[in-house]
Amino acid sequence: MSTTTVTPEPPHVLAVDDSIVDRAVISRLLRSSKYRVTTVDSGKRALEVLSLDGDNVHMIITDYCMPEMSGYELLKRVKESTELREIPVVLMSSENSPPRIRRCLEEGAEEFLIKPVRASDLSRLCSRLITTLR
Amino acid sequence: MDYSNLRRQAASMKKSLFDQGYLDEQFCQVEDLQDEASPNFAEEVVTLFFKDSAKLISNVEQALEKYPKDFNRWDAYMQQLKGSCSSIGASRMKSECMSFRDYCGQGNVEGCMRSFQKVKREHGALRQKLEAYFQLLRQAGQLVLLELPPGPGCKN
């Protein structure tokens, strides 16, 4: 089924963060840029969502430091999966650690944002990433 | 008339929170995310912050008691709190969190205990000030509604 001239659905972003405050801010940031957002509080939940609805996820944005599964581990799992590896993954962290950033980029992360993430970071990122997908 | 006075008071209260270093630019970023769809977003996030930070503070408190000299654990808990502070622009509180983490890095128990007390103090002070600020905003908002005459041509 192809869409014709109807307005396409806004892209769907999966936001992963164990901090309830950061989830609220990131999802508001994304929604105010008119993206659809699903927030989850762990890498494990993120993988559950992706296994059910991976075709419908256009970008993953994840915190780096999370208990149990770090954002880096989530990134690796996504990039190792044939179904999921095309989905751009963005990492966020409040720690500005060049080796950490390098490692994530080497593993296939699109970008590494330093927290607190600003509206300008997201809009620049999203418009770049999501247009290339279309 | 009254409401514009209250609005002025709220603006001046906000300015002094910035001048005294309680808040930083990130708070403005949060307020800027408000719109017609989410007109109370800043207050909602701040409320969420205080609920969450009270829990995180209690985690640190318990860790200080139950796990003496476990600087890695103490640091990990404080890192979470610092992250939340950073996200809403709670600048002074964030600085105290960072002090605590520095003391953890040095293995300085006394320093940790002292700076933890400061974290709690800043938390309490910020909560008081932000509650007052949002209450003032709410009063200014309410007065606008009451003063508008009923009937057509009303603004929302």
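**Entry 1: chain B, overall**

I read chain B along its sequence and got the pattern α-α-α-α-α-α. The tally for chain B is 6 helices and 0 strands. A reminder to myself: this is a predicted model.

Next I looked up burial. Of the 156 residues in chain B, 39% are buried. I also checked how contacts spread along the sequence: among the contacts in chain B with a separation of 6 or more, 67% are between residues 24 or more positions apart.

**Entry 2: helix H5 of chain B**

I picked H5 of chain B, residues 91–106, for a closer look. What does H5 of chain B span from its first C-alpha to its last? I get 23 Å for its 16 residues, close to the 22 Å expected at 1.5 Å a residue.

Then I listed the buried positions in H5(B): B:Ser91, B:Met93, B:Glu96, B:Cys97, B:Phe100, B:Arg101 and B:Cys104. I kept a general point beside that list: an α-helix has 3.6 residues a turn, so residues three or four places apart point the same way.

Just after H5(B) I found B:Gly107, with a positive phi near 70°.

**Entry 3: B:Arg101 and its partners**

B:Arg101 was on the buried list, and I wanted to know which acids pair with this residue. Within chain B, the side chain of B:Arg101 meets that of B:Asp75 in a salt bridge, at 2.8 Å from N to O. This pair links distant parts of the chain, as B:Asp75 sits in helix H4 (residues 71–88) and B:Arg101 in helix H5, 26 residues apart.

Are these two buried or exposed? B:Asp75 counts as buried because its relative accessibility is 18%. B:Arg101 has a relative accessible area of 17%, so I note B:Arg101 as buried too.

B:Arg101 also reaches across to the other chain: B:Arg101 forms a salt bridge with A:Glu95, with the closest N and O atoms 3.2 Å apart.

**Entry 4: the interface of chain A and chain B**

That cross-chain pair sent me to the interface. I count 3 salt bridges between chain A and chain B. I also find 6 residue pairs in polar contact across this interface, both residues at pLDDT 80 or more.

Which helix gives the largest share of the chain A side? It is helix H1 (residues 20–32) of chain A, with 8 residues. By type, the chain A side that touches chain B splits into 9 nonpolar, 3 polar and 5 charged residues.

For the totals, 17 residues of chain A are in contact with 20 residues of chain B. The area buried between the two chains is about 1500 Å², and carbon and sulfur atoms give 55% of it.

**Entry 5: A:Asp63 and A:Ser93**

I moved on to the strands of chain A. A:Asp63 is in strand E3, residues 59–63. I have A:Asp63 down as buried because its relative accessibility is 7%.

The side chain of A:Asp63 makes a polar contact of 3.2 Å with the side chain of A:Lys115. Both residues belong to a network of salt bridges that also links A:Asp17 and A:Asp22. Beyond four places in sequence, the residues touched by A:Asp63 include A:Val16, A:Gly71, A:Leu91 and A:Ser93.

A:Ser93 lies in strand E4, residues 89–93. With 2% relative accessibility, A:Ser93 counts as buried. Its side chain joins that of A:Arg100 in a polar contact of 3.1 Å. Farther along the sequence than four places, the contacts of A:Ser93 include A:Tyr64, A:Phe112, A:Leu113 and A:Ile114.

**Entry 6: other salt bridges**

Over all chains I get 19 salt bridges, and I looked up two more in chain A.

One joins A:Arg45 to A:Asp41, with the closest N and O atoms 3.1 Å apart. A:Arg45 is partly exposed at 43% relative accessibility, and A:Asp41 is partly exposed at 32%.

The other joins A:Arg124 to A:Asp121, where the closest N and O atoms are 3.9 Å apart. These two are 3 residues apart in helix H5 (residues 119–133) of chain A, so about one helical turn separates them. Here the burial labels split: A:Arg124 is partly exposed at 44%, whereas A:Asp121 is buried at 16%.

Conventions
Residues are numbered from 1 along each chain as its sequence is written. Chains are lettered from A and ligands numbered from 1 in the order in which they are written. Side-chain values use heavy atoms; hydrogens and water are left out. Contact means heavy atoms within 4.5 Å. Buried area is the accessible area (1.4 Å probe) that two parts lose on being put together, summed over both. A salt bridge is a side-chain nitrogen of Lys or Arg within 4 Å of a carboxyl oxygen of Asp or Glu. A polar contact is a pair of N or O atoms within 3.5 Å; within protein, one must be able to donate a hydrogen and the other to accept it, and residues adjacent in sequence count only if both atoms are side-chain atoms. Helices (H or I, at least four residues) and strands (E, at least two) are DSSP runs, numbered from the N terminus. Ala, Val, Leu, Ile, Met, Phe, Trp, Tyr, Cys and Pro count as nonpolar, Asp, Glu, Lys and Arg as charged, and the others, Gly among them, as polar. The expected span of a helix is 1.5 Å times one less than its number of residues. Buried means under 20% relative accessible area, exposed over 50%, partly exposed in between (1.4 Å probe, protein chains only).
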